[in-house]
Amino acid sequence: MSDASEPLVRFESVQKSYDGEILVVKDFNLDVAKGEFVTMLGPSGSGKTTCLMMLAGFEPATHGEIYLEGVPINNVPPHKRGIGMVFQNYALFPHMTVAENLAFPLEVRGMGKSEISEKVNRALDMVRLGGFGDRRPAQLSGGQQQRVAVSRALVFEPSLVLMDEPLGALDKNLREEMQYEIKHIHENLQVTLVYVTHDQSEALTMSDRIAVFDDGIVQQLASPSDLYEKPDNAFVAGFIGENNRLYGEVKEVTGDYCQVELEGGGGMVKALNVNTGGVGSRTTLSLRPERSTIGVAKEQSTNSLEAKVEELIYLGDHIRSRVSLSGNNEFIVKVPNSHGHVHLKEGEITQIGWEADDCRALDA
Amino acid sequence: MALPSYAGPLETTWYYTFRFICACIFVFLITPILIIIPLSFNVEPYFTFTQGMLSFDPDAYSLRWYEDFINNTQWTHSVKNSFIIAIASTILATTLGTLAALGLSKPHMPFRALTMGVLISPMIVPLIISAAGMYFFYSSIGLDQSFLGIILAHTVLGTPFVVITVTATLVGFDNSLSRAAANLGANPTTSFFKITMPLILPGVISGALFAFITSFDEVVVVLFLAGFEQRTIPRQMWSGIREQISPTILAVATILVMISIALLTTLEILRRRNEKLRGLTPG
C-alpha cells in the first residue's frame, strides 16, 4: 500500500480556525517518517495542540489535508484512525481497574479473552507495573497513572502514538525519569511518536526532530542540535536555550558574513549572515552565552568588545556573569570553573570576544 | 461544630438561638408526617386521637384501616395505576432527560439557554396552568381519560428533574474520557455505554427518583386528565377526604411514607457503595 520512503504522517498546508475569522494554525506542513520522534514545541496558544487534535481527529481541519500512510484522513472519525494517544490529564477511566483500562482498546477490537490478558500483562510489565492490574487509577501515584496512560496508548500496537504534554503534571525528578522511559520505549518498539510540549529541555532530550511553533506557524523544523546551534530566526534563538541579543544595522554583506554596526555604540562586529534583509536592514544578533570568552585581547578574537561586569553568580560548575556591553546590560557569559579560569570582580572592565561563526545575524 | 472557648456572650446566645431555630424547622417539617402514623391505627373512624389512644389502651388501636385498604378494590386498583403510570413516565422522562442533558452540554450547542428554559418550564409554570393547558390540548386530540395521556403528562413534569441532575453531573465529567475512548477505537455507542453512562449514573438515578416521586404524588394533572379507570393513589386519597371521610387514607399515607424512606435509604446505600467501587472517594 505504501512504500518505505513515504512519510507515515503528512500535513499539507493545513489551516485551522475555531471562529471562522482567526487562524490558530496558519499554514502547517510536516512530514513524519516511520519510526521518527517528532516534537511540536511552542508557547501556549501557538497552535501545537490544535495540530495534534486534528491528527487525532478531535478537531476538523478548516483547510488542507492530513494523510496517514498516504491516505487522506480528514473524513475518518477518530475511532477508526487507530492512533494511540496519551492525554495531558491521562484520561484514565476512573470506574475501571488498570487492567480494564488497558483491555478496553482490545475489547472494542473484539479480541479473545486469553489474548487480551496476555497483552495487558505484557504492557504492564513494559512500564514496570506488573501486579498493579487490579488497582483503580485513583489508587495510583501521578507517575504510575502516567505510565498506565502510556501503556494503554501502546497496548493495541498502533503505528503512530501522540502525546499531548504528558509530563506536565509530574514533578521535576519524575519528569526527567519519564523522559528517558518514553525515549527508550520509542527506541525499543520502533513506534512513530508525535509529541507536544512547551518545555524545551524535554523536546531537546527526546526528539529526533522538533517543530518550533509560534503564532500558528512553524518557525523552524530541525534536529535538536541544529535548532540550538543554528536557529533560523530571532524567535527560535530566543525560545530555545539561553541567548544573548544585540541589535544593529547591516552595513556590508560579504559572502556568508556581514558587518553589523551595533546600536548602543558598540562599534562594528562581524557575524554570520543567516536571515537579514540585506544591507541597511535592522538585525538581531544572537549569541549563546557559552560561546563568548571573557578577558581576551583584541587581536585574539574576530570580535572583541569592552564590557563592564555587573553581577557574578556562582553556580558550582560555572560562574554566570552578567555584563553590560554595547548598551545591553543583560549580556550573559558563562565562565567555566576550570583550572586557571579568569577571576572577575563586579564593576571591573573586561574584554568579551567571540567568533563570527557563533554570532548569527537574524531578523529584527 | 462546638462552641469555641473564646466565644463571647453574643456568640453564645446566637449559638443556642440558631440551634433552636433549626430544631423548630425540623419539628414543623416532620411532625405532620409522624402524626399520621399512630392515627392510622385508630379503631374509631376519626381523624383525631381518642381518649383510649392517649392512655395507650391496646383496644383503641387496630389494623382495620389497613385491612380496608387491602380489601377495597378501588384502592388496590389505584395502587396498580400509580405504579404503571409512575414507572412508565419515569422510564420516558429519564431517557429523554438524559439525552437532552447530553445534548445541552455539548460545547457547540446553539440556543442552549433557550432550550434549557423550555425544557425546565414545567417546573416553573404553575401546575394548575400546565394541567388546564394539557386538559384542553389532550381532549382535542383524544388523549384525555387515557393512560397514555397521563403518562405523557407526567413525563413532561418529570423530565426537568432529570435534565437538571444529569446536567449537574456532566459538569464534573471529563470530556477527554470520551475522546480517549474514541481514540482507543470505541464507536460513539460503545463509548456512551461503557464510559459516559457508568460515570453519570448517580445523576441519572437521582433524576429518575425525582421523576418517579413527581409522578407518584401528582394529583392536579390527574384530576384534570384521569377518568375513573385511571385513578391513582393521590386521586383516590383526594376523593377519600372529600367523599368518604375514611381513615384509610391515613393507612395509605403511612405506607407511602415507609416506602419513600425505604427507597431513599436503599438508593443512598447503593450510591455510596458504587462510589467506593469506582474509586471516586477514598476508602
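1. Which residue in β18(A) does Ser321(A) stand opposite? The partner is Val333(A). The two strands behind this pairing are β17 (residues 318-325) of chain A and β18(A), joined in the antiparallel sense over 7 bridges. Please keep in mind throughout that this is a predicted model.

2. The sheet around that pair deserves a look. It is open, has 5 strands, and follows the order β15-β19-β16-β17-β18 in chain A. Its pairing is antiparallel. The edges are held by β15 and β18 (328-336) of chain A; each has a single partner strand, so one side of each is left without a neighbour in the sheet.

3. Confidence in chain A comes next. The mean pLDDT is 87, and 98% of the residues score at least 70. The lowest value falls in strand β15 (residues 293-294) of chain A, with a mean of 82. The highest belongs to helix α2 (residues 98-107) of chain A, at 94. Note that β15 of chain A is also one of the edge strands from point 2.

4. Chain A splits into two assigned domains. Domain 1 covers 9-229, and domain 2 covers 242-363. Their C-alpha centres are 40 Å apart.

5. A second open sheet in chain A has 4 strands. The order is β2-β1-β4-β5, again with antiparallel pairing. The edge strands are β2 (23-32) and β5 (71-72) of chain A, and each of them pairs on one side only. Inside this sheet, strand β1 (residues 9-17) of chain A runs antiparallel to strand β4 (residues 63-68) of chain A, with 5 bridges between them. To find this pairing on screen, start at Gln15(A): its bridge partner in β4(A) is His63(A).

6. Two hairpins share strand β12 of chain A. Take the one with β11 before it. Strand β11 (residues 244-254) of chain A and strand β12 (residues 257-262) of chain A run antiparallel and are joined by 6 bridges. Thr254(A) has Tyr257(A) as its bridge partner in β12(A). Just 2 residues lie between the strands of this hairpin. In the turn, Gly255(A) has a positive phi of about 60°.

7. Now the other hairpin. β12(A) pairs with strand β13 (residues 268-273) of chain A in the antiparallel sense, over 5 bridges. Cys258(A) finds its bridge partner, Ala271(A), in β13(A). Here 5 residues lie between the strands. Gly264(A) takes a positive phi near 95° in this hairpin.

8. Chain B also has two assigned domains. They are domain 1 (9-60) and domain 2 (73-246). Taken over C-alpha atoms, the centres of these two domains of chain B are separated by 34 Å. The average pLDDT of chain B is 87, with 96% of the residues scoring at least 70.

9. How many residues of each chain meet at the interface? On the chain A side there are 22, in contact with 18 residues of chain B. What is the make-up of the side of chain A that touches chain B? Of its residues, 15 are nonpolar, 5 are polar and 2 are charged.

10. Last, the scores for the assembly. The predictor gives the complex an ipTM of 0.79. The pTM is 0.76.

Technical notes: Residues are numbered from 1 along each chain as its sequence is written. Chains are lettered from A and ligands numbered from 1 in the order in which they are written. This is a predicted model: local features need pLDDT of at least 70, side-chain atom pairs count only at pLDDT 80 or more; totals for chains, interfaces and linings use all residues. Two residues are in contact if their C-beta atoms, placed from the backbone, lie within 7 Å. Ala, Val, Leu, Ile, Met, Phe, Trp, Tyr, Cys and Pro count as nonpolar, Asp, Glu, Lys and Arg as charged, and the others, Gly among them, as polar. pLDDT is the predictor's confidence in each residue, from 0 to 100. Domain bounds come from an automatic or database domain assignment. Two strands pair if DSSP finds at least two bridges between them.
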